[in-house]
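Me: Please show the model, and then take some questions on its pocket, its core and its confidence.

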Amino acid sequence: LPKCKKAVGIDKSKNMIKRAVSKQASKKEKYACTDLESWNYTGKFDIIFSMESLYYSVPMEPALAKVFKMLKTSGFFYCGTDFYSDNHLTKRWKKVMKIPMDLRSKAEWKKMFKEAGFKTTVKQVRDTKHKAKWKREFGTLFIIGEKVC
């Protein structure tokens, strides 16, 4: 994006960071191998985006509070997840992956964002042509939080 001054990506996985760096398209991009809770970044962001990652912070509330703190006033947090309890066909992921994951319902996600201080909207994006039944029936849940204070 031409107006973007800086983009910062973080991940706990060294392999994911290596992969991102190998695809780096601009000197505006920076990457750090860390988890959100212990990341020592002091800047403020206009937009924070998370896809399939927030639920690895167990419980999610401290990570969400950190996101809220890192946003500028009027900033947005876009959080996408396929792992939510209303999506019955992905609930088994926690057992399959054998790692801690914080499973919440659509209503619980929305409530958690509101309690963190966000003005919150929720959208589900379904892919009616996808072969996977859960993508057609439930789809990806997007929780969008705006920092209005």
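Me: Which residues lie nearest the centre of the largest pocket?
Reply: This is a predicted model, in which local features need pLDDT of at least 70 and side-chain atom pairs count only at pLDDT 80 or more, while totals for chains, interfaces and linings use all residues. A pocket is an open set of points on a 1 Å grid over the protein atoms alone where a 1.4 Å probe fits, with protein on both sides within 12 Å along at least five of seven lines; lining residues have an atom within 4 Å of a point. The lining of the largest pocket has 40 residues, and those nearest its centre are Val 8, Gly 9, Ile 10, Ile 48 and Phe 49.

Me: Which element gives the largest share of the lining of the largest pocket?
Reply: Helices (H or I, at least four residues) and strands (E, at least two) are DSSP runs, numbered from the N terminus. Residues are numbered from 1 along each chain as its sequence is written, and side-chain values use heavy atoms, without hydrogens and water. At least two lining residues each come from strand 1 (7–11), strand 2 (29–33), strand 3, helix 2 and strand 4. The largest share, seven residues, belongs to strand 3.

Me: Which element gives the most to the largest nonpolar core?
Reply: Such a core is a set of buried (under 20% relative accessible area, 1.4 Å probe, protein chains only) Ala, Val, Leu, Ile, Met, Phe, Trp, Tyr and Cys residues joined through side-chain atoms within 4.5 Å. The largest has 27 residues, with Leu 54, Phe 77, Trp 109, Phe 113 and Phe 118 making the most contacts inside it. Strand 3, helix 2, strand 4, helix 4 and strand 6 (140–146) each supply at least two of its residues. With five residues, the element that gives the most is helix 2.

Me: Is Asp 82 buried or exposed?
Reply: Asp 82 sits in the loop between strand 4 and helix 3 (93–97). Leaving aside neighbours within four places in sequence, its contacts (heavy atoms within 4.5 Å) include Glu 52, Trp 93 and Trp 134. Because its relative accessibility is 7%, Asp 82 counts as buried.

Me: Where in the protein chain is confidence lowest?
Reply: The chain averages a pLDDT (the predictor's confidence in each residue, from 0 to 100) of 93, and 99% of the residues score at least 70. Confidence is highest in helix 4, at 98, and lowest, at a mean of 79, in helix 5 (residues 133–137).

Technical notes
Buried < 20%, exposed > 50% of the residue type's maximum accessible area, 1.4 Å probe, protein only.
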